[in-house]
Amino acid sequence: FRERILPAEEPALLAVQLNLAQALGKVGDYRSARDLEVRVMDACERTLPDGDAFRAHARSNLAATKRALGDVRGARTLYEGTLALLERSRPADDPEIRQVRANLAVMLSDLGDLHAARRLLESVLETCERTLAPDDGMLLATKTNLAGLLKELGDVRGARAVFEEVVEACERTLPPDHPDVQRARENLAVA
């Protein structure tokens, strides 16, 4: 209906389509989500500037859907391209850049490039520590991901130290029976 009223590249229509694609992904219809996200991304690529937040969001959503469909290499390519676009147009500590770097680190880890993933996570952590509160969820998630990667690389001592920081931050800010506290303790126990 909206497509008959609004031009195909109307930002409001693109936003609705991207929301629909996210909903399709949440119910497991990744192929339909991907097809819609490709249409949205193509329209964004034609009409929006490189550093546009919505354009970056559309690319990141498509990358996540490709990953869910098992196309890790395709997801990696999209994340790398998105990161390059954002780094040319935004400050280094931009939250969108931080998130794309974190997502790309997961892709690199999935592909077995653990050292590159570690470098990216360390850069994300440095930005998080400079710009976020010590108990911020993004900071703690980044530390948890880095600790898991350190463990996978065989640096058990380094992994334990980072997991301990996460447990301390969770215990300082959350009730003892909170699921995040329990998860942090479990991660430390198996490190």
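Here is a friendly chat about the cysteines and salt bridges of this predicted model.

Colleague: Happy to be looking at this one with you! How many disulfides does the structure hold?

Modeller: A disulfide is a covalent bond between the sulfur atoms of two cysteines. The cut-off for calling one is a pair of cysteine sulfur atoms within 2.5 Å. By that test, the number of disulfides in the structure is zero.

Colleague: Thanks! Which cysteine sulfur is closest to that of Cys-170?

Modeller: The gap between the two sulfurs is 14 Å, so a bond is ruled out by distance. A disulfide would need them within 2.5 Å. The closest cysteine sulfur to that of Cys-170 belongs to Cys-128.

Colleague: And is Cys-170 buried or exposed?

Modeller: Buried residues have under 20% relative accessible area. Cys-170 comes out at 4%, so the verdict is buried. Cys-44 gets the same label, with a relative accessibility of 0%. To return to your residue, Cys-170 is buried.

Colleague: Good, on to charges. How many salt bridges are there?

Modeller: Side chains of opposite charge can pair when their charged atoms come close. Here the cut-off is a Lys or Arg side-chain nitrogen within 4 Å of an Asp or Glu carboxyl oxygen. The count of salt bridges in the structure is 15.

Colleague: Which helix holds the Arg-55 end of the salt bridge with Glu-45?

Modeller: Glu-45 and Arg-55 meet through their side chains, 2.9 Å from N to O. Glu-45 sits in helix α3 (residues 30-47), so the pair ties together parts ten residues apart in sequence, and the Arg-55 end is in helix α4 (residues 53-68).

Colleague: Of that pair, is Arg-55 buried or exposed?

Modeller: Glu-45 has a relative accessible area of 28%, which makes it partly exposed. Arg-55 has a relative accessibility of 6%, and the cut-off for buried is under 20%. Arg-55 is therefore buried.

Colleague: Where does Asp-93 lie, and how far along the chain is Arg-130 from Asp-93?

Modeller: Arg-130 and Asp-93 form a salt bridge, at 3.7 Å from N to O. Arg-130 belongs to helix α7 (residues 114-131), while Asp-93 lies in the loop between α5 (72-89) and α6 (95-110). This links distant parts of the chain, with a separation of 37 residues.

Colleague: Last one! What is the relative accessible area of Arg-130?

Modeller: Its partner Asp-93 is partly exposed, at 30% relative accessibility. Arg-130 is also labelled partly exposed. The relative accessible area of Arg-130 is 48%.

Technical notes: Residues numbered from 1 in each chain as written. Predicted model: local features only at pLDDT ≥ 70, side-chain atom pairs only at ≥ 80, totals over all residues. Heavy atoms only, no water. Buried < 20%, exposed > 50% of the residue type's maximum accessible area, 1.4 Å probe, protein only. Helix = DSSP H or I, 4+ residues; strand = E, 2+ residues; numbered from the N terminus.
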